[in-house]
Amino acid sequence: MKNTKHKSNWFLDVILLLLFLILFFMDVTGLALHQWLGVGFGVLIMIHLINHWDGVECILSRFFGKTSNKARLYAVIDVLLLLGLVIIIESGLVISTWFNLTWIDYVTWWEIHIYSAIATLVLTVVKSALHRSWIINTTRRIFARSEVSPAPLVPAGMTAVSRRQFLAAMGLISLGS
């Protein structure tokens, strides 16, 4: 069960990272697809948060109590990432063509959107670097080849012989011939 959970978390994280990178370069997607992918990204972020909610509750309940500084650092980075993503999504919705808001200062909201995306990308790189051992180990486990040796090809009714037995038999046949 734990292995399956690690795999699904790994795949969700990879999808989120790739989608974030695609969304970062709007020239690749165009405005309409950028907006739709942004909404999908927001939904996947919510799924990611739900999948990790037990851990969130655990670390936040012990943040000011008895826990390691490493866990506190991870929690601060995660909260900053969540804040950055909320700002990205909110500012993206404000400047989107869907609502056609005319009373907003478009340039300011666009700058908020861009700068929060850059800051969130930097935090994503930092978080990935801090979790690199989990990323590497899980990737290896997912893509590891199984070490099952193939069954020897032996006709029905015959038994397999070792290399030594085969060479001994061939030696006897050679001597006999």
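Me: What pattern does the protein follow along the sequence?
Reply: Read from start to end, the pattern is α-α-α-α-α-α-α-α. The protein has eight helices and zero strands. Helices (H or I, at least four residues) and strands (E, at least two) are DSSP runs, numbered from the N terminus. This is a predicted model, in which local features need pLDDT of at least 70 and side-chain atom pairs count only at pLDDT 80 or more, while totals for chains, interfaces and linings use all residues. Residues are numbered from 1 along each chain as its sequence is written, and side-chain values use heavy atoms, with hydrogens and water left out.

Me: What makes D78 and K127 a salt bridge?
Reply: A salt bridge is a side-chain nitrogen of Lys or Arg within 4 Å of a carboxyl oxygen of Asp or Glu. The closest N and O atoms of D78 and K127 are 2.5 Å apart, so the pair meets that definition. The pair links distant parts of the chain, with D78 in helix α5 and K127 in helix α6, 49 residues apart. A search of the whole structure finds one salt bridge.

Me: Why is D78 called partly exposed?
Reply: Buried means under 20% relative accessible area, exposed over 50%, and partly exposed in between (1.4 Å probe, protein chains only). D78 has 32%, so it is partly exposed. K127, at 24%, also counts as partly exposed.

Me: Why is N100 called exposed?
Reply: Its relative accessible area is 60%, so N100 counts as exposed. N100 is found in the loop between α5 (69–95) and α6 (106–130). N100 has a positive phi of about 50° although it is not a glycine.
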